[in-house]
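The exercises below are meant to be worked through with the sequence and the model side by side. Please try each task before reading its solution.

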Amino acid sequence: MRSLAIGVLLGLSGVALAAPVLFEAPVTVSGVGDISTVGTLKYAYHFANSGSDVTVAGVFFKLQKATLSDGALELSGTSTRTFADYYIDTIPANKLPAEYIALLKGAVRVSSESMMLTLKNLTPGRLYQLQVWAQDASGIKSTTQVSSMGGNTQILDPCSTDEMGGVGQYCCGYFAADGTEQAITFSAVGMGTRYAYLNALQVREMPESYYWRGTSNVLNLRNYSNYICFDDADGVESSILVEGVNPNVSLFFSNTNMSYRLQMTNLNVLSVSAAWQGQKGSVTIVGSNKVEYVTVSSNGVLSLSEGNFGRGFVYSGNLLANGLLSLECSTSCKFATVNALRGSGTFRKTGAGVLASTGGQSNFVGRIEIAEGVLRLEGNPICAASEVNILNRRATLDISGYAPNTVIPYVHGKGVLKTGFNKKRVARLEGEGMKVEFVDLPKLAYKTRYTALTADSVLGTFCPTLSLDWHLVVGADDKSLQLYSDGASVVTMD
């Protein structure tokens, strides 16, 4: 089977949110060799309006029809759900082994909406594989999207040839359980008639060979599978040198309150995700690697050094609840957010360099912190954020190149806010010693013109609500303005 690249899972405390599931690319149904047999079977089911239990490749699938009669599963969130049977009587689908046909001939299906599947009876901290199938040989043109909160998405085609007798697809996803339950969403997507299918599923617990127990500070990837779960119980920080070549490895961190520091180089990191069982845990990744997707769950901390995103490879991510993503930038680098960030956690910029965040629309409603250096928001990047905190006087928020008419709800702190004159807006501005710098003031700046202005008139269209007294001073050269809040040193704005 194909695998994902590095996924780092930091967990949640308590039950809270489900862990992100990292789904592999879909695979077209071909025969009983499709059935995963890795590890230990937790449970397996198939869905239909009629039929019986079936065993395929040694895996026992229990039939569920009309309603879910087993306490290990729950389906919710739809009014159009039906259990149906589909005929598999034309090639190539009818050439499948009889037991495989029996497994896939029925499905639970929804029309033009989504259904939520909840897996139950899981063991927190254990690494699981989920395998799901979507199959309908009737030739209908529809696709099924499978996803989880904070994880990636894949789209399964239940009839890959779009003709009668076509075969469907399956995919596998991996997650470290952060509680006893795990939620998965199946959505009807695409044009025309839309259905979401779930024909069968199985949940398997990964064997001990998939776990790193902290017996050495060196991890050689050649000695492990593509999926490694860190479960170091000694309760102290682990500093690990990752060696070897395996660009398709996924790393999961499941222990309570543990801190890990990984030194690795030249790995293609398609997914870094974070689910701690405990109150708080952290993972720091240093070196030079390609990172494309991140997820940080509640109370977890994921820190990436500049070499892991400086070339613009962090494309999107999810910061859930109290999760924190920290990017260290000491020179000049980009955080290219094609799908941008989502969630309500915290995004923190550290290091003395300039970090430019560019890219598409954002569903991130959390908090941005700037510890030092410059965070430059360009285009329409990460800031649907609820607030931006400029933590100290060595930190700058630069929104001079931000999308026109975009409003940041709340900016506060002690550093510098760099913006355009009468263009960019902040709903509420608060600062103790904060400096505001306009980068595009009119060049015809004469003392007689500005003496009639006040701080409120200068900032009025930019920020309708100011929480502290702001002062406006005309520069000695009569061609500059000085604007500052109480306690700030004077700043000249060209």
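**Exercise 1: a small open sheet**

Describe the order and the pairing sense of the sheet that contains β17, β19 and β21.

Solution. The open sheet consists of three strands in the order β17-β19-β21, and their pairing is parallel. Strands here are DSSP runs of E with at least two residues, numbered from the N terminus, as are helices (H or I, at least four residues), and two strands pair if DSSP finds at least two bridges between them. The edges are taken by β17 (211-212) and β21 (250-253), each of which has a single partner strand, so one side of each is left without a neighbour in the sheet. Between β17 and β19 (residues 227-230) the parallel pairing runs over two bridges, and tryptophan 212 has phenylalanine 230 as its bridge partner in β19.

Before going on, note that this is a predicted model, in which local features need pLDDT of at least 70 and side-chain atom pairs count only at pLDDT 80 or more, whereas totals for chains, interfaces and linings use all residues. Residues are numbered from 1 along each chain as its sequence is written, and side-chain values use heavy atoms, with hydrogens and water left out.

**Exercise 2: cysteines**

Find which cysteines form a disulfide, taken as a pair of cysteine sulfur atoms within 2.5 Å.

Solution. By this rule the count comes to one disulfide, formed by cysteine 329 and cysteine 333 with their sulfur atoms 2.4 Å apart. For the surroundings, buried means under 20% relative accessible area, exposed over 50%, and partly exposed in between (1.4 Å probe, protein chains only). Cysteine 329 is buried at 0%, and cysteine 333 is buried at 4%. Cysteine 172 is also buried, at 2% relative accessibility, but the closest cysteine sulfur to its own, in cysteine 171, is 6.9 Å away, which is too far for a bond.

**Exercise 3: nonpolar cores**

Identify which residues of the largest nonpolar core touch the most other members.

Solution. A nonpolar core is a set of buried Ala, Val, Leu, Ile, Met, Phe, Trp, Tyr and Cys residues joined through side-chain atoms within 4.5 Å. The largest one has 50 residues, of which Phe230, Tyr260, Leu325, Phe347, Leu397 and Val411 touch the most other members. Strand β22 (residues 259-269) gives the most to this core, with four residues. A second, separate core of 37 residues includes Tyr45, Leu117, Val146 and Ala177.

**Exercise 4: salt bridges**

Work out how the side chains of Arg348, Arg367, Glu369 and Glu387 are linked.

Solution. Side chains of opposite charge can pair when their charged atoms come close. The criterion for a salt bridge is a side-chain nitrogen of Lys or Arg within 4 Å of a carboxyl oxygen of Asp or Glu, and a search of the whole structure finds eight of them. Arginine 348 and glutamate 369 meet at 2.8 Å, N to O, and this pair links distant parts of the chain, with arginine 348 in strand β31 (residues 346-350) and glutamate 369 in strand β34 (residues 367-370), 21 residues apart. Arginine 348 is partly exposed at 27% relative accessibility, whereas glutamate 369 is buried at 9%. Glutamate 387 forms a salt bridge with arginine 367, the closest N and O atoms being 3.0 Å apart, and it joins strand β36 (residues 387-390) to strand β34 across 20 residues. Glutamate 387 is buried at 17%, and arginine 367 is partly exposed at 24%. Arg348, Arg367, Glu369 and Glu387 are thus linked in a network of salt bridges.
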